[in-house]
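Subject: Structure handover

Hello,

Here is the structure for you to look over. My notes on it come straight after.

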Amino acid sequence: MKFSQLPVDVQKKIAGIGDAIDDDIRATEVPTEGDPRNDPAWDPSVELSRLSYRRIALEQEIRTTVEDSRHRGQSWNTIGRALGTTGEAARQRYGEKAD
């Protein structure tokens, strides 16, 4: 028997079951809250590009803040501690533009 030959009320019930199955499938495609990697549309290369731009922006912000710190008389040791490194490492990395 073909679907179109079934009584209308049976067709509606079958269509309802199909809709419920479709809803369940789509629900599994929804990302888990807080983890974009679970989204099927998530693209790691796009995420890497985004993170790269953030890194560049953060590095510039750090450089500017180091310059401000040096102009206010903070030592390289103080700056290094704030950056989680030694004063000498901070001076080597940021010293050319900061001094």
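Below is what was found, from the overall fold down to single residues.

This is a predicted model. Mean pLDDT for the protein chain is 84, with 87% of the residues at 70 or more. Confidence varies by helix: H1 (residues 8-29) has the lowest mean, 76, and H3 the highest, 97. Where pLDDT is low, the predicted coordinates should not be read in detail.

The protein chain has four helices and zero strands, in the order α-α-α-α along the sequence. Of its 99 residues, 12% count as buried. The accessible surface is about 8100 Å², and carbon and sulfur atoms hold 53% of that. Among contacts with a separation of 6 or more, 30% are between residues 24 or more positions apart.

H2 covers residues 44-71. Its 28 residues should span 40 Å at 1.5 Å a residue, and the end C-alpha atoms are 40 Å apart, so the expected and modelled lengths agree. The buried residues in H2 include Glu59 and Val66. Ser69 is also buried; the reason for that label is its relative accessibility of 14%, against a cut-off of under 20%. Leaving aside residues up to four places away in sequence, Ser69 touches Gln74 and Ile79. After H2 comes Gly73, with a positive phi near 90 degrees.

H3 runs over residues 76-83, and its buried residues are Trp76, Ile79 and Gly80. These lie on the same side of H3, because the arc they cover around the axis is only 100 degrees. Exposed residues Arg81 and Ala82 are on the face turned away from that buried side. As with H2, a glycine follows: Gly84 comes after H3 and has a positive phi, near 80 degrees.

Which residues make up the largest nonpolar core? There are five: Val66, Trp76, Ile79, Ala90 and Tyr94. H3 and H4 (87-98) each supply at least two residues of this core. Two of the names have come up already: Val66 is among the buried residues of H2, and Ile79 is one of the residues that Ser69 touches.

If you look at one region, I would start with H3, where the mean pLDDT is 97 and where Trp76 and Ile79 are on the buried side.

Regards

Definitions and conventions: Residues are numbered from 1 along each chain as its sequence is written. This is a predicted model: local features need pLDDT of at least 70, side-chain atom pairs count only at pLDDT 80 or more; totals for chains, interfaces and linings use all residues. Side-chain values use heavy atoms; hydrogens and water are left out. Buried means under 20% relative accessible area, exposed over 50%, partly exposed in between (1.4 Å probe, protein chains only). The arc is that of the directions from the helix axis to the C-beta atoms. A nonpolar core is a set of buried Ala, Val, Leu, Ile, Met, Phe, Trp, Tyr and Cys residues joined through side-chain atoms within 4.5 Å. Contact means heavy atoms within 4.5 Å. pLDDT is the predictor's confidence in each residue, from 0 to 100. The expected span of a helix is 1.5 Å times one less than its number of residues. Accessible areas come from the Shrake-Rupley method with a 1.4 Å probe; for residues, only the protein chains shown count as cover.
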